[in-house]
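Let's take a stroll through a protein fold together. Have a look at the picture first, and then we'll pick it apart piece by piece.

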Amino acid sequence: MSEFNLIQRYFTRPTPQADLGVGDDAALVRVSEGNQLVISTDMSVAGTHFFADSAAYDIGWKSLAVNISDIAAMGAQPKYATLAIALPEVNGAWLDEFSRGFFACADALNVDLIGGDTTRGPLNISVTIMGEVPIGKALRRDGAQIGDDIWISGTLGNAALALAILQQRYQIDPNWPEDELAKWLPSLLRPQPRAALGLALRDIATSCIDVSDGLLADLGHILKASNCGAEIFLEQLPVSLYNLNHLHEPAIQQCALAGGDDYELCFTAPTNRRNTIKKISEKQNLLLTYIGKTRMDNGLQAIYQNKPLTLLKQGFNHFG
C-alpha cells in the first residue's frame with residue numbers, strides 16, 4: 001500500500017471546521033475574529049509513552065487525548081489536529097483500530113484531523129493540536145498570586161499505580177479484590193482531557209496546567225513561572241479508595257504526587273472563587289478538590305500528617 005493510499009483509507013474524512021483538510025500540500029484554517037490560535041505538539045513513543053503491544057484503539061485515543069489536555073489547560077477550544085506517524089509496517093487491522101480510537105477521541109471533543117505525514121520506522125506518533133481562545137483570556141502558568149487556592153480535577157494516582165502493577169514494581173494488597181487493576185487501567189489507557197473545565201475556568205483561574213509528569217513537577221512549573229511557592233496536603237488529594245487506605249506507603253505517595261499520566265487540570269484561584277468553582281464541579285459532574293495554597297517563599301512543600309514529606313522523585317523526566 002502506498003503512503004497516499006494509506007492516508008486516504010485510514011485518515012481521510014470530512015473536516016467541517018476547516019476550509020481545506022487532508023489531501024493537499026497543506027491545510028487551510030481560519031481563526032475566528034477576536035481569537036488567538038493556540039498550538040501544542042506532543043510525541044508518543046512506543047516503550048516510553050505506551051506499551052508497543054497495547055490495543056491499537058487505546059494508542060489512538062491516548063495520542064490525541066494527551067494533546068487536547070494541553071489545549072484544555074490553556075482554557076482554549078480544541079479545533080484542529082495534525083498527525084505524523086512512523087510505522088514499522090502497514091498492518092491494516094492495527095491501523096483500523098488505531099484510527100477508530102483516534103477519531104473516537106476527536107469526535108468526543110469535536111476536533112478535525114486536517115493533515116500530517118506517514119513514514120516507515122519504529123512506532124512513533126506525533127500530534128499537533130490547535131485551538132482558539134479569546135484574546136487575553138488564555139489560562140497561563142505565570143498568573144498565580146500569593147494566597148491563591150490550589151485545585152485539582154478528577155482523581156490522582158490511578159494511571160501511575162496501574163503502570164507500576166503492569167511493570168511489576170508494585171503488588172496489590174492481597175486483601176483487596178483481584179480485579180482492582182481493571183478499575184485503574186482506563187486512567188492509563190484512555191485519559192479524559194478536561195476541555196470543558198478549561199473553558200469554564202476562564203476569568204476564574206489565575207493559572208493552570210495539565211498534570212502529565214506528576215502533580216509536584218507540573219505545579220512546580222506554575223510556581224516557577226509565577227515566582228511563588230506553595231504548600232499542599234497529601235491527605236486532601238483526591239485518590240481512589242485503595243490509594244487512600246494505603247497512603248502511608250511511599251509507593252502510593254509517589255503515584256499520587258509524582259506518578260504522572262493523570263491529565264487532570266491543576267489550577268490556582270482566589271479564595272473568593274470557591275463557591276463558583278464548586279458550582280462548576282456540580283454542573284460538570286466533575287470532582288474539583290482544594291489541595292493547598294500558594295505562599296510567598298519559593299519552593300513546593302507536600303505535607304503528610306502535619307510533617308513535610310520528601311519524595312525520591314518529583315515527577316517524570318525523559319532525560320533523568
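Start with a facing pair: Ala84 stands opposite Asp117, a residue of strand 3. Keep in mind that what you're looking at is a predicted model.

**The sheet**

Strand 2 and strand 3 run parallel, and eight bridges join them. In general, strands of a sheet pair through backbone hydrogen bonds, either parallel or antiparallel. Zoom out a bit, and you'll find an open sheet of four strands in the order 1-4-2-3, with mixed pairing. Which strands sit at the edges? Strand 1 and strand 3 (112-120) do, as each pairs on one side only. Going from one strand to the next, the twist averages 15 degrees. Helix 2 packs on this sheet and touches strand 1, strand 2 and strand 4. The direction of helix 2 makes about 35 degrees with that of strand 4.

**The cores**

In soluble globular proteins, nonpolar side chains tend to be buried together. Here, the largest nonpolar core has 49 residues, and Phe11, Leu64, Leu83, Trp94 and Phe98 touch the most other members. Several elements each supply at least two residues of this core, among them helix 1 (3-10), strand 2 (77-87), helix 3 (92-109) and strand 4 (124-134). The largest share, nine residues, comes from helix 2. Take Phe98 as a sample: beyond its neighbours within four places in sequence, its contacts include Phe11, Tyr57, Leu83 and Ile125. There's also a second, separate core of 40 residues, which includes Ala144, Tyr170, Val211 and Leu237.

**Two residues side by side**

Now for a quick check on two single residues. Is Ser40 buried or exposed? And how does Ala251 count at 36% relative accessibility? Here's the table:

| Residue | Element | Relative accessible area |
|---|---|---|
| Ser40 | strand 1 (residues 35-45) | 17%, buried |
| Ala251 | helix 9 (residues 250-258) | 36%, partly exposed |

Ser40 counts as buried because its 17% is under the 20% cut-off. Not counting residues up to four places away in sequence, Ser40 touches Asn67, Asp70, Val127, Thr128 and Ile129. With one of these, Asp70, there's a polar contact from side chain to side chain, at 3.2 Å.

As for Ala251, try tracing the chain from there to Leu311: they're 60 residues apart in sequence. In space, their C-alpha atoms are 9.6 Å apart.

Key: Residues numbered from 1 in each chain as written. Predicted model: local features only at pLDDT ≥ 70, side-chain atom pairs only at ≥ 80, totals over all residues. Heavy atoms only, no water. Buried < 20%, exposed > 50% of the residue type's maximum accessible area, 1.4 Å probe, protein only. Polar contact = N/O pair within 3.5 Å; in protein donor to acceptor, adjacent residues only side chain to side chain. Contact = heavy atoms within 4.5 Å. Core = buried A, V, L, I, M, F, W, Y, C linked by side-chain atoms within 4.5 Å. Pairing = 2+ DSSP bridges. Axes fitted to C-alpha atoms, helices over the stretch in contact; angles between N-to-C directions.
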